[in-house]
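Where does a folded chain leave space inside, and which side chains meet around it? The paragraphs below go through cavities, ring pairs and one serine in turn.

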Amino acid sequence: MFKRAVPLYEDDSHSCLAFVDLVKGSGIQSNQFMIVNNKRSALIDPGGDLTFGALTIEVAKYSSLDNLDYILASHQDPDIIASLPKWLIKSPAKVITSKLWSRFLPHLVPGYLNDETGISLNKRIIGLSDKGGSIKLGNSEIIAVPAHFLHSVGNFQFFDVKSRILFSGDMGASLIEDNSAAEPVLNFKKHILNMEGFHKRYMTSNKACRLWAGVVKSLNVSMIVPQHGKPFAGEQIYEFLDWISNLECGIDLIDESFYQPQVSVFEQTA
Ligand code: FE
């Protein structure tokens, strides 16, 4: 039995919804997001086949799939956009992602859909230049905020102007074992344990984190909502931005020993 969507923001014409418990089995816990404005809708990081069926059922409670204007993909990973061909068939949505990935995503789509007679793939996958920009949804607007190298080389986050929520993709992601992904972080110091290993390996460098955090501080966001784990609200936003600004990660932590292969990695079994 699926939980209802968690409302992150709601007024008469605009809502932001989180789906936090659609992943079943061994996949990493992932959140999927929907923004609805005056009946027009967008999905953020809808995921792969693992969540597609459940997500279509949940999405249909809030908007007809015919009104789904956009699939916004922060980057190229399986838990972000592997369900691409199904959304292209089931909805008229355009898929918006970094131009660095827009030419790779057609590899997720069967060849028979990929040609001229299929779903006009070239017109359905829109590649953003590095600076991102504004995406109009209904009477509102979503801004694609550059977040390159955090973690993917071509990476965007999506800032919903009406609610001032920043959907931050993998930035701020946490690995949690209970069903509390909808509940904002309360104790930041304790929460570091759920984030530190992930950010140290998946984020490219302190420089990228620090420059990004500086920009986000100027956006006056109401929440930072990552694709895995718990959201940040209130003062926890600034605790997180300060922490990530000072975190050594990725290439900060490597030396030449990192590239030394291990000998006899696999034992061949009879
Ligand atoms: Fe990823």
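One cavity of 30 Å³ or more is counted in this structure, which is a predicted model. Rolling a probe the size of a water molecule over the atoms shows where empty space is left. The largest cavity holds about 50 Å³ of space.

Which residues line the largest cavity? From the early part of the numbering come Val-6, Leu-8, Ala-18, Val-20, Asn-31 and Phe-33. The lining also includes Ala-181, Ala-182, Val-225, Gly-229, Lys-230 and Pro-231. Sorted by class, nine of the lining residues are nonpolar, two are polar and one is charged. Lys-230 is the charged residue of this lining, and Asn-31 and Gly-229 are the polar ones, because glycine is placed in the polar class here.

Phe-33, one of the cavity-lining residues, leads on to the aromatic rings. The structure has ten aromatic pairs. In one of them, the ring centres of Phe-33 and Phe-167 are 4.9 Å apart and the planes meet at 50 degrees, so the pair is classed as tilted. A pair counts as stacked under 30 degrees and as edge-to-face over 60; the 50 degrees of Phe-33 and Phe-167 falls in neither range, so tilted is the class that remains. Phe-33 belongs to strand 3 (residues 32-37) and Phe-167 to strand 11 (residues 165-167), so this pair ties together parts that are 134 residues apart in sequence. Are these two residues buried or exposed? Phe-33 counts as buried at 2% relative accessibility, and Phe-167 is buried as well, with a relative accessible area of 2%.

A second pair is formed by Phe-188 and Trp-243. Their ring centres lie 6.2 Å apart with the planes at 70 degrees, so this pair is edge-to-face. Phe-188 sits in helix 7 (residues 188-202) and Trp-243 in helix 9 (residues 235-245), so the pair ties together parts that are 55 residues apart in sequence. Both Phe-188 and Trp-243 are buried. These two residues also belong to one aromatic cluster, in which they are joined by Trp-212, Phe-232 and Phe-240.

The last stop is a serine. Ser-140 lies in strand 9 (residues 140-146). With a relative accessible area of 10%, Ser-140 is buried, because the cut-off for that term is under 20%. Which residues does Ser-140 touch, leaving aside its neighbours within four places in sequence? Ser-140 is in contact with His-14, Asn-37, Ile-135 and Lys-162.

Technical notes. Residues numbered from 1 in each chain as written. Predicted model: local features only at pLDDT ≥ 70, side-chain atom pairs only at ≥ 80, totals over all residues. Heavy atoms only, no water. Phe/Tyr/Trp six-rings, centres within 6.5 Å; stacked < 30°, edge-to-face > 60°. Helix = DSSP H or I, 4+ residues; strand = E, 2+ residues; numbered from the N terminus. Buried < 20%, exposed > 50% of the residue type's maximum accessible area, 1.4 Å probe, protein only. 1 Å grid on protein atoms, 1.4 Å probe; cavity = no way out; pocket = protein on both sides within 12 Å on 5 of 7 lines; lining within 4 Å. Points joined across faces, edges and corners; volume = space filled by probe spheres on them. Contact = heavy atoms within 4.5 Å.
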